[in-house]
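Below are my notes on the model, set out as numbered points. They begin with one helix and then move to the chains and to individual residues.

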Amino acid sequence: MMGTAVREGTTGKIISFTVINVATPEFADQAPYGLAIIQINGGGRVLARIQDGTAESMTMDAAVTFDHTDDHGPVFRLM
Amino acid sequence: MREMVIVGAAETKFGRSEQSYRELAVDAGRKAMEDAGVDASKIESLVLGSFSPGTFVHQEHVAPLVASELGLDHVPSTRTENACASGATAIMSGLMQIGAGMHDVVLVVGVEKMTSTPIGEATSILAEAADWESEAKAGLTFPGVYALMARAYMHRYGKNRDILDAVAIKAHGNGVGNPYAQFQKAITVEDIRESMMIADPLTLYDCSPISDGAAAVVLASKDVAGDFKRSGIPFLGFGQASDALALHEREEITSLPAAQRAGERAYKMAGIRPDDISFAEVHDCFTIAEIIATEDLGFFEPGTGGDAAVSGRTGRDGPIPINPSGGLKAKGHPVGASGVGQVVESVFQLRGEAEGRQVDGVEYALTHNVGGSGATCVVTILGKGE
């Protein structure tokens, strides 16, 4: 399936999340980092990193908004 | 379709092994042939289940390699790859070769050699079984995928990690009785509390280990089953199903639709119901995976599989023992071998030869082998035979 398009202004809510402590070598310098499945407002889902996402800061159903994209894909932030 | 049976079964101990990839495969294959009382000349085809030998041990084209090492006589040999379900997929392929009338006797070997690879690299290799573009590239690891399922499950059904603890403690307790298991040591809640967080909420004790190992079965048409040393263990039903690789693209993230479909197909072919199953070897690559498996296979209602583990219903002496071998969690998870190993354990149990871990009154066994986070599932149902 082709991915759901995300851009400036895209918002959604967290339907599940984790914090990756043991990462692959490519992500070792980023660990620990938050990852969430986001239900996009308007339809579709994406998996994305959450800026400053920790086990404490992220919650189920939390509202998030697109922040930026880097080599590894989109990054969202908590609203 | 012709009736099909297992006439030989064997496996190596799972864990960190001194043996090489080919030595492990040959060891299991030869012992399965010995168990069946046949020599290499009787084997008409080899199917080899293996996930990623090219990256783990820098060797592809492994099916003819193993066929040749085993001294098989120029037989057709084929490798199957369906991530962590590569092993059961190899069995499916072997069954279809016999069912179609191509061959009467097929050797199936599942093997993986993982411990010679550094842990970070192994994590990367395993992540290749996820959807690269939308999951692995974004930083998701396999423990991470199952952590997403675990959190969604606990939130949806109002559970805490007691349900995960119960599965881990049971798995390690069962591993104590299994000489083939990587971990033969019981654990406590305190061990889990003090262990490292891998992908929140999953700790080290929620994850199956990196392992080496091989398992093998000799499959035969029932027409020729009288030619072997052991009476055959019949395949009563089997089913396979697929789904999206990426967890977030599926309708459900607290169940595995492919496992439900594979299970329905196997039950239908066998003509039996979940209540009839005496015990099951399910794909507990992570503790949450076992809970979801017991619901997908119809043993428990959605949302109650964790409670069933807490109350001991899935213990070796419970009404539906799950993973009496210790499962992938304690027995070990040499990826390509795991699905074949579940069937080998079931043969031992159905013959009444699972010393130290025998389940009482076994009539029907079920195996459940999952690839990725549920994009492939293979379910088989075995009977006791004559």
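**Notes on the predicted model**

1. Helix 9 of chain B covers residues 257–270; at 1.5 Å a residue its 14 residues should span 20 Å, and the end C-alpha atoms are indeed 20 Å apart, which agrees. This is a predicted model, and the remarks below should be read as such. The buried residues of helix 9 are B:Pro257, B:Ala258, B:Ala259, B:Ala262, B:Gly263, B:Ala266, B:Tyr267 and B:Ala270. An α-helix has 3.6 residues a turn, so residues three or four places apart point the same way. The buried residues of helix 9 pack against four elements of chain B: strand 8 (233–242), helix 10 (287–296), strand 10 (365–371) and strand 11 (376–382). Just past the helix, B:Gly271 has a positive phi of about 70°.

2. Helix 4 of chain B (residues 86–99) invites the length check again. Its 14 residues reach 20 Å from the first C-alpha to the last, close to the 20 Å expected at 1.5 Å a residue. How many of the residues of helix 4 are buried? The count is 13 of the 14, so helix 4 is largely enclosed by the rest of the structure. Just after helix 4, B:Gly101 takes a positive phi of about 85°.

3. Chain B as a whole contains 13 helices and 11 strands. Its radius of gyration is 19 Å, close to the 21 Å that the globule rule gives for 386 residues, so chain B is as compact as a globular protein of that length. Along the principal axes, its C-alpha atoms fill a box of roughly 55 × 45 × 40 Å. Of the 386 residues, 67% are buried. Taking contacts between residues at least 6 apart in sequence, 79% join residues at least 24 apart. The exposed area of chain B is about 13,300 Å², with carbon and sulfur atoms supplying 49% of it. Chain B carries 32 positive and 51 negative charges, and the mean positions of the two sets are 2 Å apart.

4. Chain A has 0 helices and 5 strands, in the order β-β-β-β-β along the sequence. The radius of gyration is 12 Å, close to the 12 Å from the globule rule for 79 residues, so chain A is as compact as a globular protein of that length. Its C-alpha trace spans about 35 × 25 × 20 Å along the principal axes. Buried residues account for 46% of the 79. Among contacts in chain A between residues at least 6 apart in sequence, 50% join residues at least 24 apart. Chain A exposes about 3,800 Å², of which carbon and sulfur atoms supply 50%. There are 5 positive and 9 negative side chains in chain A, and the centres of the two sets lie 11 Å apart.

5. B:Leu46 sits in strand 2 (residues 45–49) of chain B. Is B:Leu46 buried or exposed? Its relative accessibility is 0%, so B:Leu46 counts as buried. Leaving aside neighbours within four places in sequence, its contacts are B:Ala63, B:Val66, B:Ala67, B:Leu72, B:Val75, B:Pro76, B:Ser77, B:Thr78, B:Leu107 and B:Val109. B:Val109 is 63 residues away along the chain, with 7.7 Å between the C-alpha atoms of B:Leu46 and B:Val109.

6. A:Val46, in strand 3 (residues 45–50) of chain A, is buried, with a relative accessible area of 7%. Not counting residues up to four places away in sequence, A:Val46 touches A:Thr4, A:Val6, A:Ala36, A:Ile37, A:Ile38, A:Ile40 and A:Phe76, and also B:His248 of chain B. The C-alpha atoms of A:Val46 and A:Val6 are separated by 8.5 Å, and the two residues are 40 apart along the chain.

7. Some backbone values deserve a look. Most residues other than glycine have a negative phi, and most peptide bonds are trans. The bond joining A:Ala31 and A:Pro32 is cis, with omega about -5°; A:Pro32 is in the loop between strand 1 (11–20) and strand 2 (33–40) of chain A. The bond from B:Asp200 to B:Pro201 is also cis, with omega near 10°, and B:Pro201 lies in the loop between strand 5 (197–199) and strand 6 (202–203) of chain B.

8. Two histidines of chain B have positive phi: B:His58 near 55° and B:His74 near 50°. B:His58 is in the loop between helix 2 (53–56) and helix 3 (62–69), and is exposed at a relative accessible area of 67%. B:His74 is in the loop between helix 3 and strand 3 (77–80), and counts as exposed at 78% relative accessibility.

Notes:
Residues are numbered from 1 along each chain as its sequence is written. Chains are lettered from A and ligands numbered from 1 in the order in which they are written. This is a predicted model: local features need pLDDT of at least 70, side-chain atom pairs count only at pLDDT 80 or more; totals for chains, interfaces and linings use all residues. Side-chain values use heavy atoms; hydrogens and water are left out. Helices (H or I, at least four residues) and strands (E, at least two) are DSSP runs, numbered from the N terminus. The expected span of a helix is 1.5 Å times one less than its number of residues. Buried means under 20% relative accessible area, exposed over 50%, partly exposed in between (1.4 Å probe, protein chains only). Contact means heavy atoms within 4.5 Å. The radius of gyration is taken over C-alpha atoms; the globule rule is 2.2 Å times the number of residues to the power 0.38. Accessible areas come from the Shrake-Rupley method with a 1.4 Å probe; for residues, only the protein chains shown count as cover. Lys and Arg count as positive and Asp and Glu as negative; His and the chain ends are not counted. The place of a charge is taken as NZ of Lys, CZ of Arg, CG of Asp or CD of Glu.
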